[in-house]
Amino acid sequence: MERILFGDNQFFGVNHMSEEKARAQAMKFRDTAAIMRVLDQAYDAGIKVFMCTTHDRVGEIADIVRANPARYRDFEFYPCMPYAHKYANSVGEVGIIETLRRFAPGGIVETLIKGAISAVTQDTERLMQMLVDAELKRFAGAKTPIVFLQNVVTDLLLGLGMHDVLAMFARHVERKYGAEAGFITMNLPMLVGALERAGIERPIVCANVNKIGFRMCGGIEAYREVIGSGRCRPIAMSVLASGAIPPAEAIEWVCGMKGLQSIVFGASSKANIVQTKELIEQCWGTA
Amino acid sequence: MMRAGLIGVGKMGLSHYAILGAHPSVEVAAICDSAGYITSALRKHTGVETYKDYRKMLDEAHLDCVMVATPTSTHFEVASYALERGCHVFVEKPLCLEPEQSLALAELAKSRKLANQVGYHNRFIGTFRETRRLVRAGAIGDVYHVGGSAFGQVVIRPKSGSTWRSSRQEGGGCLHDYASHVVDLMNFVAGPPERVLGAQLRRIFSKDVEDAVYATLRYPEGASGQLETNWSDESYRKMSTTITVYGTRGKIVSDRQECRVFLRSGAEFERYTAGWTIRYITDLQSPVAYYLRGEEYSAQIDAFVHAVQAGSAEHENSFASAYETDRAIAMIAEKGGAGEGR
């Protein structure tokens, strides 16, 4: 797994601190070329992984990367699925069953509803596979060595106690795509235990790790313990807590956490990309 | 362990299920929904007991509390049945379509000393709580205007909508399903309005219900209020709610992320200096033990669990406060001519 990963929140109007900032970014990155310019800057700075939501716009980026194999020889995607708002908005509009119909074509939903009592377990697995395949379609031919489940789904299944479905996801991406599964979460200590019980050893997990403990459920100490335990391969995200902590201070603190494997960060300018990367490398002593 | 039941396992029901499921002192013992596929999938994977008839579930499952996330038109009947059986009740917003029914539920819960909460989660967001605290403490002086708005993309094409949310009789439409959050937030911060001077319920894409609500309010002390909500605004990635409060000493503009306070010179208050002070959610939100879609969803359930444990009928977001919200909604509906062709 690469140690420094480039994230995508800044491209799609996500900012946990300011709706105004989020809106300004959504305007700045309204066309794919603007996103590609920043991605090129990150790639040229030596960051080879783009960890990104399976947003429709990312499909266009995958097209560009595929079409230029010489330029992007080492470029890898770590897709994170699903782009949840697509589903959430649809569920509000037409309900759960109709949403599944929209995004998992091929009559699977009818089969599910008819066979509801007889074989739900197999059906859930089949449905999950079809939804995953639909999300990964746009990445065909690009390198996707790790495929992540977004936190809203990981944490939903965690809370519902449907831990076997998390294991089904891991099996499917491994068998069909030769990829490892990753799990994004806001509840890292709780999740790692659940994944172990579902039979996933040393899972790849991605969670907020920041000095102020923002969205680190279970608390900083529980995070420090599970990250340092070697029981998982952790990636830190939201290290700046959306700007609540000054970069140098934030990164120094995160890099000091024993057991952390990677850091994912987003930035909108070359200067910020280079500065953040250098800070991480200095703290980790990998420069 | 507290035994919890769920009635209605749609979008909100699933969210409540996961939060309760992760709660250390709660066991989700039974769920009820008319859609057999969802409940049987949950039973297979989690072993939870499932029902199709909520009465049977409430009669048989020995529940301490129940979460009701069914269409609004059914809330009165379902919540009454649960309260009469001694169950603590959490109901999704809005409480009822008729304010009189909300009032009756509030009185029933109070007389039985049962926890009674409604899912207006904005009341558990740190920025909005701080706004209310500042207004109540008089930090911005006398309030003379309150603005509340929400925009998002729920209905963004014609003919969309095959669920109860697109049916007026069942409680669908932007006013009950979406604007209710803003009406409640304005009540939370400024208290309930006395009158609605004018309202427009606009259809944009829906056939049977409105997609936007615009209303002018009047508060008992003379302040004015303006409500603006539109769920057909595709320029917003997700629901974006803002409240602005104007006072004689300053103003506050708050959304989910930021609480921005402007105080006039000489009006300094606690850590808030003259001019702008911006406080972020990272600073204002208390942590939760389990996070799904926002701290507020977990915090409201923590508060409910706490009320159940304490056997308290008087707490944040009670039926009594939701009745005030339903009353304001009914006034807006009346002024906007809901039910008439528009």
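Which residues of H9(A) are buried? In this predicted model, the buried residues of that helix are His163(A), Val165(A), Leu166(A), Met168(A), Phe169(A), Ala170(A) and Val173(A). Helix H9 of chain A runs through residues 163-177, and its 15 residues reach 21 Å from the first C-alpha to the last, close to the 21 Å expected at 1.5 Å a residue. Just after H9(A) comes Gly178(A), which takes a positive phi of about 60 degrees.

Let us stay in chain A and turn to helix H3. This helix covers residues 56-67, and at 1.5 Å a residue its 12 residues should span 16 Å; the end C-alpha atoms are 17 Å apart, which agrees. Here Val58(A), Ile61(A), Ala62(A) and Val65(A) are the buried residues. They cover an arc of only 105 degrees around the axis, and therefore sit on the same side of H3(A). A general point about helices helps here: an α-helix has 3.6 residues a turn, so residues three or four places apart point the same way. On the other side of H3(A), Asp56(A) and Ala67(A) are exposed. And what covers the buried face? The cover of the buried residues of H3(A) includes helix H2 (32-44), strand S2 (49-53) and strand S3 (76-81) of chain A.

Now move across to chain B, where helix H5 invites a similar look. Its 14 residues, 99-112, should span 20 Å at 1.5 Å a residue, and the end C-alpha atoms are indeed 20 Å apart. Pro99(B), Ser102(B), Leu105(B), Ala106(B) and Ala109(B) are buried in this helix. Seen down the axis of H5(B), these buried residues fall within an arc of 115 degrees, so they line one face of the helix. Among the elements that cover them are helix H4 (75-84), strand S5 (88-91), strand S6 (116-118) and helix H10 (319-336) of chain B. After H5(B) comes Lys113(B), with a positive phi near 55 degrees.

One of those covering elements, H4(B), deserves a closer look. The axes of H4(B) and H5(B) come within 10 Å and cross at roughly 10 degrees, which means that H4(B) is roughly parallel to H5(B). From H4(B), Phe76(B), Ala79(B), Ser80(B) and Leu83(B) meet Gln101(B), Leu105(B), Leu108(B), Ala109(B) and Arg112(B) of H5(B). By type, the residues of this contact divide into six nonpolar, two polar and one charged.

Strand S5 of chain B, another part of that cover, contains Val91(B). Is this residue buried or exposed? Val91(B) counts as buried, because it has 27 C-beta neighbours inside 10 Å. Leaving aside neighbours within four places in sequence, Val91(B) is in contact with Val68(B), His75(B), Ala79(B) and Val118(B). Thr70(B) is 21 residues from Val91(B) in sequence, and their C-alpha atoms are 8.6 Å apart in space.

Finally, how do the chains meet? In chain B, 41 residues are in contact with 43 residues of chain A. Helix H1 (11-22) and helix H2 (36-46) of chain B are the elements that give two or more residues to the side of chain B that touches chain A. The largest share of that side, nine residues, comes from H2(B). Sorted by type, the residues on the side of chain B that touches chain A comprise 19 nonpolar, 14 polar and eight charged.

Definitions and conventions. Residues are numbered from 1 along each chain as its sequence is written. Chains are lettered from A and ligands numbered from 1 in the order in which they are written. This is a predicted model: local features need pLDDT of at least 70, side-chain atom pairs count only at pLDDT 80 or more; totals for chains, interfaces and linings use all residues. Helices (H or I, at least four residues) and strands (E, at least two) are DSSP runs, numbered from the N terminus. The expected span of a helix is 1.5 Å times one less than its number of residues. A residue is buried if 20 or more other C-beta atoms lie within 10 Å of its own, exposed if 12 or fewer, and partly exposed in between; C-beta atoms are placed from the backbone. The arc is that of the directions from the helix axis to the C-beta atoms. Two residues are in contact if their C-beta atoms, placed from the backbone, lie within 7 Å. Axes are lines fitted to C-alpha atoms, for helices over the stretch in contact, and angles run from 0 to 180 degrees between N-to-C directions. Angles under 35 degrees count as roughly parallel, over 145 as roughly antiparallel, 65 to 115 as roughly perpendicular and the rest as oblique. Ala, Val, Leu, Ile, Met, Phe, Trp, Tyr, Cys and Pro count as nonpolar, Asp, Glu, Lys and Arg as charged, and the others, Gly among them, as polar.
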